[in-house]
Amino acid sequence: MKEKIRINFNEPHITYKLSDGTPVVGVTTAIGILNKPALVPWAYKRGKDGLSLYDSRDKAANIGTIVHARIMAYFKGFEVDNSNIAPDCWKASDESMKSFFEWAKNKKIIPLIIEEPMVNEKYKYGGTPDLYALIDDELTLTDFKTGSGIYDEHFIQLAAYLNLPTKDNLKVKKAIILNIPKSKDDSFQIKSISSKNLKDEFKIFLNCVNIYYLTKKIKNNKKGEV
């Protein structure tokens, strides 16, 4: 029987640090500086239908967390303990996992690195890519998403992950985004891209990092105003 792991829905975010102990920004925090155009029509539709914005997002976020944990557990050889998960959320995640298993069943997947925090000392940021694996004998970085689609910022995130140094200095040739549906309105999508074609996305990401640190510097300077 596989070991079971319990999801901590209140688990704090990882704090990334340089080798000297200095905290650095995480990939998702840096990219959060960008506008998220997909959220605007989604919020509009919720309001137009007279539905609660925050209850829906909270539930959807929980389902996304559950699906992501179940996928990571699959590669790590664990199972997710559902004792602290609402039955309707668990049932919804079952439907999502069908799409994942359909994708994985005919592939030869050899995991190499699974959810390992990494830090880029040169550009001062950290991140935790989902999966580095040999997929059908090709070294691939895979990022699992749950939601309504694949957006430009997802490729910026991939570019940031590809520039994080792995312990074995893996030379990734291809990056994949898998969008796993978490509701009947979502669709299963796959986008793949050569790692060498994400240079411009990495430039955008570095600008996000710079804006993050400059904004932080300005806020700190204002605290010392006289």
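**Entry 1: strand S8 and its partners**

I began with a single bridge and found that Ile109 has Ile135, in S8, as its bridge partner. I note at the outset that the model I am reading is a predicted one. Widening the view, I saw that strand S5, residues 109–114, is joined to S8 by 5 bridges and that these two strands run antiparallel.

I then looked at what S8 pairs with besides S5, and found strand S9, residues 138–146, again antiparallel and again through 5 bridges. Ile135 turns up here as well, since its bridge partner in S9 is Glu138. S8 and S9 form a hairpin with 2 residues between the strands, and in this hairpin Asp136 takes a positive phi near 55 degrees.

How much of S8 is buried? I looked up its residues, 131–135, and found 4 of the 5 buried, so the strand is largely enclosed by the rest of the structure.

**Entry 2: two further positive phi values**

I kept in mind that most residues other than glycine have a negative phi, and looked for exceptions outside the hairpin. Glu115, which is not a glycine, has a positive phi near 45 degrees, and I located Glu115 in the loop between S5 and strand S6, residues 118–120. Its relative accessibility is 29%, so I entered Glu115 as partly exposed.

Asn169 is another such residue, with a positive phi near 50 degrees. I placed Asn169 in the loop that runs between helix H5, residues 152–162, and strand S10, residues 174–180. With a relative accessibility of 53%, where the cut-off for exposed is over 50%, Asn169 counts as exposed.

**Entry 3: helix H4**

I checked the length of helix H4, residues 87–104, against what its residue count predicts. At 1.5 Å a residue its 18 residues should span 26 Å, and because the C-alpha atoms at its ends are 25 Å apart, I took the two values to agree. I also listed the buried residues of H4, among them Cys89, Trp90, Met97, Phe100 and Trp103.

**Entry 4: aromatic pairs**

A search of the whole structure returned 13 aromatic pairs. One that I followed up is Tyr74 with Phe100, whose ring centres are 5.1 Å apart and whose planes stand at 85 degrees, so I recorded the pair as edge-to-face. Tyr74 belongs to helix H3, residues 53–76, and Phe100 to helix H4, so this pair ties together parts that are 26 residues apart in sequence.

Is each partner buried or exposed? Tyr74, at 36% relative accessibility, counts as partly exposed, whereas Phe100 is buried, with a relative accessible area of 0%.

I went on to Tyr125 and Phe205, which also form an edge-to-face pair, with 4.7 Å from centre to centre and 75 degrees between the planes. This pair links distant parts of the chain, because Tyr125 is in strand S7, residues 125–127, and Phe205 in helix H6, residues 199–223, which puts the partners 80 residues apart. I found both Tyr125 and Phe205 to be buried.

Tracing ring pairs from one to the next, I arrived at a cluster made up of Tyr74, Phe75, Phe100, Phe101, Trp103 and Phe144.

**Entry 5: Gln157**

I looked up Gln157 as a polar residue of helix H5, and its relative accessibility of 7% counts as buried. Which residues is Gln157 in contact with, once its neighbours within four places in sequence are left aside? I found Val27, Thr28, Ile31, Asp143 and Lys145.

**Entry 6: the chain as a whole, and its confidence**

Stepping back, I counted 6 helices and 11 strands in the chain, and noted that 38% of its 226 residues count as buried. Among contacts between residues at least 6 apart in sequence, 69% join residues at least 24 apart. The accessible surface comes to about 13700 Å², and carbon and sulfur atoms account for 51% of that area.

On confidence, I wrote down a mean pLDDT of 88 for the chain, with 87% of its residues reaching 70 or more. Residues 52–57 fall below 50, and in the model this stretch has 7 contacts beyond near neighbours in sequence. I leave the detail there unread, because predicted coordinates should not be read in detail where pLDDT is low.

Key:
Residues numbered from 1 in each chain as written. Predicted model: local features only at pLDDT ≥ 70, side-chain atom pairs only at ≥ 80, totals over all residues. Heavy atoms only, no water. Buried < 20%, exposed > 50% of the residue type's maximum accessible area, 1.4 Å probe, protein only. Pairing = 2+ DSSP bridges. Contact = heavy atoms within 4.5 Å. Areas by Shrake-Rupley, 256 points an atom, 1.4 Å probe, with all protein chains shown as cover. Expected span 1.5 Å × (residues − 1). pLDDT = per-residue confidence, 0-100. Phe/Tyr/Trp six-rings, centres within 6.5 Å; stacked < 30°, edge-to-face > 60°.
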